[in-house]
Amino acid sequence: MGYLRRNNKHLTGHKLATSAKRKELELQAQFWLAYSFVACRSRLNVRYLIGPERGARALSFHRHAAQYLSHVVFGLSTFFICSQTRRHRSSVIDAFRLIEDKRDDVAVDKALIFAEVALSAMQHSVARDSR
């Protein structure tokens with residue numbers, strides 16, 4: 001049946017999210033979905049992808065892939081990705097460029113296509129279930 005509203009409050013008394021807050025929460029959910037997907041597929045803890053350390057080359061590749069996927073699949077802006085990861089805009093744009101260059105490798109391209117399809121399917125599933 002959904003939420004019963006009275007004066008913009010849920011029955012428990014908590015104020016319902018405004019449309020701007022709802023949009024912000026949706027962007028954060030998409031960001032974390034991309035990062036969690038990459039962390040799960042690479043068998044890493046998400047905090048290593050978000051952490052301030054640069055890390056080993058493989059860790060950097062996974063971080064770049066998560067940034068790239070959140071931008072390509074969900075359309076998140078570079079500003080939003082920078083604010084969530086506490087990285088400079090030029091670093092995020094370089095990550096996009098590095099991943100695009102790696103797409104020349106067939107195995108990397110197939111893995112990224114799989115990730116794009118899986119993430120967009122998850123997003124559509126969540127959107128359908130929330131209606």
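**Notes on helix α1 and its aromatic neighbours**

1. Let's start with the rings. F31, W32, Y35 and F80 make up one aromatic cluster. Keep in mind as you look that this is a predicted model. Across the whole structure, a search turns up four aromatic pairs. Take F31 and Y35: their ring centres are 4.4 Å apart and their planes meet at 35°, so this pair counts as tilted. Tilted is the label here because 35° falls between the 30 degrees below which planes count as stacked and the 60 above which they count as edge-to-face.

2. Where do F31 and Y35 sit relative to each other along the chain? Both belong to helix α1, four residues apart, which is about one turn of the helix. An α-helix has 3.6 residues a turn, so residues three or four places apart point the same way. Are these two buried or exposed? F31 is buried, with a relative accessible area of 0%, and Y35 is buried too, also at 0%.

3. Now for another pair, F37 with F114. This one is tilted as well, with 6.3 Å from centre to centre and 40° between the planes. F37 is in helix α1 and F114 is in helix α6 (residues 106-129), so the pair ties together parts that lie 77 residues apart in sequence. The two partners are not covered alike: F37 is buried at 12% relative accessible area, while F114 is partly exposed at 47%. F37 gets called buried because its 12% is under the 20% cut-off.

4. Next, a quick check on α1 itself. How far apart should the ends of this helix be? The helix covers residues 19-42, which is 24 residues, and at 1.5 Å a residue that should span 34 Å. The C-alpha atoms at its ends are 35 Å apart, which agrees. If you got a slightly longer answer, remember that the expected span uses one less than the number of residues.

5. Which residues of α1 are buried? They are L27, Q30, F31, A34, Y35, F37, V38, A39 and S42. Right after the helix comes R43, and its phi is positive, near 60°.

6. Last, have a look at S70, which lies in helix α3 (residues 57-72). S70 is buried, with a relative accessible area of 0%. A polar atom of its side chain lies 2.9 Å from the backbone oxygen of Q67. Leaving aside residues up to four places away in sequence, S70 touches A34, G75, L76 and I81. One of these, A34, is on the list of buried residues in α1.

Notes
Residues are numbered from 1 along each chain as its sequence is written. This is a predicted model: local features need pLDDT of at least 70, side-chain atom pairs count only at pLDDT 80 or more; totals for chains, interfaces and linings use all residues. Side-chain values use heavy atoms; hydrogens and water are left out. Helices (H or I, at least four residues) and strands (E, at least two) are DSSP runs, numbered from the N terminus. Buried means under 20% relative accessible area, exposed over 50%, partly exposed in between (1.4 Å probe, protein chains only). Rings of Phe, Tyr and Trp (its six-membered ring) pair if their centres lie within 6.5 Å; planes under 30 degrees apart count as stacked, over 60 as edge-to-face and the rest as tilted. A polar contact is a pair of N or O atoms within 3.5 Å; within protein, one must be able to donate a hydrogen and the other to accept it, and residues adjacent in sequence count only if both atoms are side-chain atoms. Contact means heavy atoms within 4.5 Å.
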